[in-house]
Amino acid sequence: LPAGLSQWFPALEVLDVSGTGLAELGAELLALPRLHTLLAKNNRLGGPGSLPKGLGQAPLGRSLRVLNLSGNRFAEVPPALLGLRGLQSLSLGGNRLHGIPPEIQELRSLEFLYLGGNFITSIPPELANLPSLNYLVLCDNKIQSIPPQLAQLHSLRSLSLHNNLLTYLPREIINLVHLEELSLRGNPLVVRFVRDLTYNPPSLQELAGRTIKTRNVPYAPSDLPENLVRYLSLASNCPNPKCGGVYFDSCVRQIKFVDFCGKYRLPLMHYLCSPECSSPCSSASQSSTSQSESDSEDEASVAARRMQKVLLG
Amino acid sequence: MEQPVQTETWKAQSLEELVRILHRIFAEDKVSVEEVQALMESYESNPEEWLQYAKFDQYRYTRNLVDNGNGKFNLMILCWGEGHGSSIHDHTDSHCFMKILQGNLKETLFEWPEKKGNGEMAKKSERVLRENQCAYINDSIGLHRVENISHTESAVSLHLYSPPFDSCNTFDQRTGHKHKVKMTFYSQFGERTLC
């Protein structure tokens with residue numbers, strides 16, 4: 001890019017340098033205070049220094065709303081762009097990303113995030129801390145599971161997950177009440193009830209942790225090594241309303257099928273603290289296949305009616 | 001035994017001319033699929049002529065009505081953002097022509113599921129349609145899914161359906177179960193329709 005760019009065109013609002021073979025976007029861009037849309041698709045960006053340093057603090061960093069870097073060679077989300085607090089739309093589709101940094105949550109204004117066509121294997125729960133996100137595209141990646149925290153994205157209207165490696169979804173997904181589009185095709189979703197999900201019995205540490213929590217044994221940070229204090233803070237509550245127990249790492253993973261529109265059965269993963277517990281979905285304890293295949297009404301019926309428009313393709 | 005229809009070789013020089021010729025063809029009692037397909041392919045896409053109909057939606061593909069063919073056909077423009085795709089669907093006993101105006105679309109053909117459909121639907125074939133190519137399908141050929149698999153480019157396609165229809169069945173690829181859906185227009189004649 002020419003060095004005099006910001007002097008010649010100080011009022012520049014939209015810049016499209018797509019398909020120009022650029023290997024870096026330089027500091028010439030930083031002083032453009034009115035630039036809100038930068039399109040740089042199909043270039044050779046991706047190496048260190050692809051984006052100018054100090055992007056977040058520069059005039060450009062405050063004005064930029066739309067950034068399209070799809071079709072480049074980024075192997076990681078460039079840290080330079082994480083300071084763009086005003087950014088509303090980010091596309092890194094068709095790059096070489098292997099993951100999403102938890103710092104993605106710093107893009108507080110993000111509404112549109114396109115990460116389709118990469119090599120992403122997992123999603124950080126911090127992604128759920130984006131308060132305005134309404135369109136999330138994660139299709140054509142290598143994602144094996146969705147963190148349940150993603151259900152906190154209350155404003156999500158469209159979620160694209162097709163062509164990944166998902167076998168089930170977290171049951172919290174039905175809490176996404178504004179979701180209108182959900183694509184799941186091309187995932188090896190479990191179709192039939194898996195009878196023997198292995199249960200690893202809890203360790204002594206886990207059993208001690210559970211006792212401390214359920215009996216409210218008082219403790220202070222000075223009483224325990226730091227790692228155990230942290231461990232105790234990670235207790236999860238058993239979803240069985242009659243149980244009230246907690247678990248740490250050892251839990252029963254149980255797949256329940258939830259009907260949508262009576263046509264599409266989504267396998268949702270429930271975590272229970274022991275095989276004797278039952279999930280909120282059913283009132284009786286379950287051990288038989290037919291039980292779990294038929295009891296989908298309670299939890300699902302309300303959410304299912306909301307999600308009836310969802311195209312599950 | 002049907003009489004073969006006199007097929008002409010048309011060349012539509014503009015979108016307007018394409019519509020005019022379509023009206024002429026569909027005014028007849030018999031219409032030849034090959035003739036319509038060749039006509040659609042003959043039109044060289046010129047964005048200036050159809051940009052007013054190409055309204056994109058952030059979340060999913062849109063259907064924008066261009067002409068309602070005196071009730072004989074519907075001509076519409078579909079706009080596909082990056083990664084947008086359709087479900088597997090049928091065509092309610094109508095003829096469906098699909099011409100690419102911009103970008104590329106992948107078409108995957110499926111067999112009709114068995115009556116007691118409870119297994120994964122069988123894929124017949126797939127292909128990527130390039131700019132100006134025109135594909136044809138009807139229920140006797142099978143079902144299809146259409147998607148823009150590009151993560152960097154949007155796609156625009158021109159569709160002709162005859163007779164017009166406003167509902168069809170969508171199919172769950174994993175089980176073959178079908179579900180009737182109503183189709184709506186995002187815009188008509190260049191004006192956004194709010195519903």
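**Exercise 1. Salt bridges**

Task: Find how many salt bridges there are over all chains of this predicted model, and work out which parts of chain A the pair A:Glu13 and A:Arg34 ties together.

Solution.
1. Over all chains, the count comes to 11 salt bridges.
2. One of the pairs to examine is A:Glu13 with A:Arg34, whose side chains meet in a salt bridge at 3.5 Å, N to O. The cut-off for such a pair is 4 Å, so this distance passes.
3. A:Glu13 lies in the loop between helix H1 (5–8) and strand S1 (14–16) of chain A, and A:Arg34 lies in the loop between S1 and strand S2 (37–39), so the salt bridge ties together parts that are 21 residues apart in sequence.

**Exercise 2. The contact between the chains**

Task: Describe the contact between chain A and chain B by its residues, its buried area and its polar pairs.

Solution.
1. Chain A gives 27 residues to the contact and chain B gives 20 residues.
2. About 2,100 Å² is buried between chain A and chain B, and carbon and sulfur atoms give 49% of that area.
3. Three salt bridges are counted between chain A and chain B. The side chains of B:Arg60 and A:Glu181 meet in a salt bridge at 3.6 Å, N to O.
4. Between chain A and chain B there are also 11 residue pairs in polar contact, with both residues at pLDDT 80 or more.
5. On the side of chain A that touches chain B, strand S5 (112–114) and strand S13 (264–272) each supply at least two residues.
6. Sorted by class, that side of chain A has nine nonpolar, 11 polar and seven charged residues.

**Exercise 3. An aromatic pair**

Task: Count the aromatic pairs over all chains, then classify the pair of B:Phe26 and B:Phe73 and place both residues in chain B.

Solution.
1. The count over all chains comes to seven aromatic pairs.
2. For B:Phe26 and B:Phe73, the rings are 4.9 Å apart centre to centre, with 45° between the planes, and the pair is tilted.
3. B:Phe26 is in helix H1 (residues 15–27) of chain B, while B:Phe73 is in the loop between strand S1 (62–67) and strand S2 (74–80). The pair links distant parts of the chain, 47 residues apart.

**Exercise 4. Backbone exceptions**

Task: Locate the cis peptide bond from B:Ser162 to B:Pro163 and the positive phi of A:Asn216.

Solution.
1. Most residues other than glycine have a negative phi, and most peptide bonds are trans.
2. The bond from B:Ser162 to B:Pro163 is cis, with omega near -10°. B:Pro163 is found in the loop between strand S9 (155–162) and strand S10 (167–171) of chain B.
3. A:Asn216 is not a glycine, yet has a positive phi of about 50°. A:Asn216 is placed in the loop between helix H3 (204–214) and helix H4 (226–233) of chain A.

**Exercise 5. Confidence**

Task: State the scores of the model and find where in chain A the pLDDT is under 50.

Solution.
1. The model scores ipTM 0.89 and pTM 0.78.
2. Chain B has a mean pLDDT of 91, with 94% of its residues at 70 or more.
3. Chain A has a mean pLDDT of 79, with 71% of its residues at 70 or more.
4. In chain A, pLDDT stays under 50 over residues 192–198, for which the model has 11 contacts beyond four places in sequence.
5. Residues 258–264 of chain A also have pLDDT below 50, and this stretch has 25 contacts beyond near neighbours in sequence.
6. Where pLDDT is low, the predicted coordinates should not be read in detail.

Conventions
Residues are numbered from 1 along each chain as its sequence is written. Chains are lettered from A and ligands numbered from 1 in the order in which they are written. Side-chain values use heavy atoms; hydrogens and water are left out. Contact means heavy atoms within 4.5 Å. Buried area is the accessible area (1.4 Å probe) that two parts lose on being put together, summed over both. A polar contact is a pair of N or O atoms within 3.5 Å; within protein, one must be able to donate a hydrogen and the other to accept it, and residues adjacent in sequence count only if both atoms are side-chain atoms. Helices (H or I, at least four residues) and strands (E, at least two) are DSSP runs, numbered from the N terminus. Ala, Val, Leu, Ile, Met, Phe, Trp, Tyr, Cys and Pro count as nonpolar, Asp, Glu, Lys and Arg as charged, and the others, Gly among them, as polar. pLDDT is the predictor's confidence in each residue, from 0 to 100. Rings of Phe, Tyr and Trp (its six-membered ring) pair if their centres lie within 6.5 Å; planes under 30 degrees apart count as stacked, over 60 as edge-to-face and the rest as tilted.
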